[in-house]
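Student: I would like a close look at one part of this model, the metal site. Please take me through it in one go.

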Amino acid sequence: MAIMIWNQSYSVGVTELDEQHKSLIRMINEMHYAMNEDKGQEAISTIVEQMFGYMEGHFTTEEGYMQQLGYLGLQAHQREHEEFRAKALDLRNRVNRGEFVLSFEVVQFLSDWLQNHIMVTDMKYTSLFAEKGLR
Ligand SMILES: [Fe+2]
Ligand SMILES: [Fe+2]
């Protein structure tokens, strides 16, 4: 069972960014699945690594557009990405040191964070992006 499902209400109106959000949701669901199926620590650590790498790429893409289009909320948005990066880095280090066992709470945290970030923070750039013709 998926922990998170993309629907049209998540759309930020830009195909590339929507596709990235869909991929992130898919990876969170894969983590959830790996945890439920009791896949080994190695499989879990691979998925965690993949997901955080992809998240990093997504943040860079979004921040690039915000900069390019002169979005006034760039700094506040970057700060939110930064807070997540710090948390992700800590998790990743713990996974790599073998100290960390993926729990439902962690998957739930990621899913809640992403949902809230898309719905509240990402949504704030949508009118400017649309106005500037980014699709
Ligand atoms: Fe985003
Ligand atoms: Fe964002």
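Student: Are Glu 62 and His 81 buried or exposed? Please answer that along with the rest of the site.

Tutor: Both Glu 62 and His 81 are buried in this predicted model. For Glu 62 the relative accessibility is 0%, so the residue falls under the 20% limit for buried.

Glu 62 is a useful place to start, as this residue bridges the iron ion (ligand 1) and the iron ion (ligand 2), which lie 3.5 Å apart. The pair Glu 62 and His 81 links distant parts of the chain: Glu 62 is in helix α2 and His 81 in helix α3 (residues 74-96), 19 residues apart.

Take the iron ion (ligand 1) next. Its coordinating atoms come from His 21 (NE2), His 58 (NE2), Glu 62 (OE) and Asp 122 (OD), at 2.1 to 2.2 Å. Along the sequence these donor residues follow the spacing H-x36-H-x3-E-x59-D. His 58 and Glu 62 are four residues apart in helix α2 (residues 41-68), so about one helical turn separates them. His 58 is buried too, because its relative accessible area is 3%, under the 20% limit. The arrangement of the four donor atoms is irregular because they subtend angles of 85 to 170°; a tetrahedral site would need all angles between 85 and 135 degrees.

The iron ion (ligand 2) has as protein donors Glu 62 (OE), His 77 (NE2), His 81 (NE2), His 117 (NE2) and Asp 122 (OD), lying 2.1 to 2.3 Å from it. Here the sequence spacing reads E-x14-H-x3-H-x35-H-x4-D.

Terms used: Residues numbered from 1 in each chain as written. Chains lettered and ligands numbered in written order. Predicted model: local features only at pLDDT ≥ 70, side-chain atom pairs only at ≥ 80, totals over all residues. Heavy atoms only, no water. Donors = N, O, S within 2.8 Å, 3.2 Å for Na, K, Ca; no water. Tetrahedral: all angles 85-135°; square planar, octahedral: opposite > 155°, others 65-115°. Helix = DSSP H or I, 4+ residues; strand = E, 2+ residues; numbered from the N terminus. Buried < 20%, exposed > 50% of the residue type's maximum accessible area, 1.4 Å probe, protein only.
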